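Me: Please take a close look at one loop residue in this model and the elements around it. Start with its exposure, then work outward into the sheet.

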Amino acid sequence: KQVATILGVPFSTRGFAGTVDDLVERIENGRKTHVVTANPEIVMLAREKRSLRAILEQAYVVPDGIGIVYAARWTKQPINERVTGIDLLEALMAAADRHQWKVYLLGASPEVNRLAAEKLAARYPGARIVGYRDGYFQQGEEPAIVEEIAEKAPHLLFVAMGSPKQDEWIAKYRDQLQAILMMGVGGSFDVIAG
Ligand code: UDP
């Protein structure tokens, strides 16, 4: 694994195309992966919050935010471009379209979530959207949500609940969720819903 360390957080140095290649290969091999698109805010937060640091140490972390690219440059580490959640989502959906992968969309408001599911289904007809639900639920509902996702066993699970909440949620349930690639995508569903 090619890694740069920014304030203790290990970042992939593979760039956008290399990251997509890595992730597609991991999915084909059924290798469970939590992708975190990390910006300077989450790196700073991880300095104070040990549980978040532990999550980042276990994840495939990509440089979101130009501040990470600059920090790498100052420390002479080979990160040359940003890798954003929305761009990765689109590239992974294109791969899902080609491979008929199963996709689950969790997060955003009910309206945005439904619209995002409709638009992605239309744009990537080969991808199988096996489930979608909004990101406003009570903690007591979580076991049922986790069970539903585990039953559907998606290749891709996108979680749009804001950073770092989405990544803490993924880390908490990653062993129970029968998903291969899990990624927090922030406000991406809002962007896709238009
Ligand atoms: N969201 C959610 N559940 C929550 C809080 C937020 O589903 O409890 C959604 C919100 O509707 C939006 C996304 O999470 O779609 C957060 O987007 P934002 O751009 O704020 O993400 P960030 O930049 O904080 O990662």
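Reply: Glutamine 100 counts as exposed because just 11 other C-beta atoms lie within 10 Å. The cut-offs, with C-beta atoms placed from the backbone, are 20 or more other C-beta atoms within 10 Å of a residue's own for buried, 12 or fewer for exposed, and partly exposed in between. This is a predicted model, in which local features need pLDDT of at least 70 and side-chain atom pairs count only at pLDDT 80 or more, while totals for chains, interfaces and linings use all residues. Residues are numbered from 1 along each chain as its sequence is written.

Glutamine 100 sits in the loop between helix 5 (85–99) and strand 5 (102–107). Helices (H or I, at least four residues) and strands (E, at least two) are DSSP runs, numbered from the N terminus. The phi of glutamine 100 is near 55°, which is positive although the residue is not glycine. Most residues other than glycine have a negative phi, and most peptide bonds are trans.

Past strand 5, the loop leading to helix 6 (110–123) holds alanine 108. Its phi, near 70°, is also a positive value in a residue other than glycine. Alanine 108 is buried, because 28 other C-beta atoms lie within 10 Å. Helix 6 then lies across strand 5 and strand 6, at about 170° to strand 6. Such angles run from 0 to 180 degrees between N-to-C directions, and axes are lines fitted to C-alpha atoms, for helices over the stretch in contact (C-beta atoms, placed from the backbone, within 7 Å).

Strand 5 belongs to an open sheet of 6 strands in the order 4-3-8-7-5-6, with parallel pairing. The edges are strand 4 and strand 6 (128–133), each of which pairs on one side only. On average, neighbouring strands of this sheet are turned by 20° against each other, direction ignored. Two strands pair if DSSP finds at least two bridges between them.

At the strand 4 edge, 4 bridges join strand 3 (residues 33–38) to strand 4, and the two run parallel. Valine 35 has tyrosine 60 as its bridge partner in strand 4, and threonine 37 has valine 62. From strand 4 (residues 60–63), Tyr60 and Val62 point one way and Val61 and Pro63 the other, and all are buried.

A cis peptide bond, with omega about 5°, joins serine 163 and proline 164. Proline 164 is in the loop between strand 7 (156–160) and helix 8 (165–173).

Conventions: Two residues are in contact if their C-beta atoms, placed from the backbone, lie within 7 Å.
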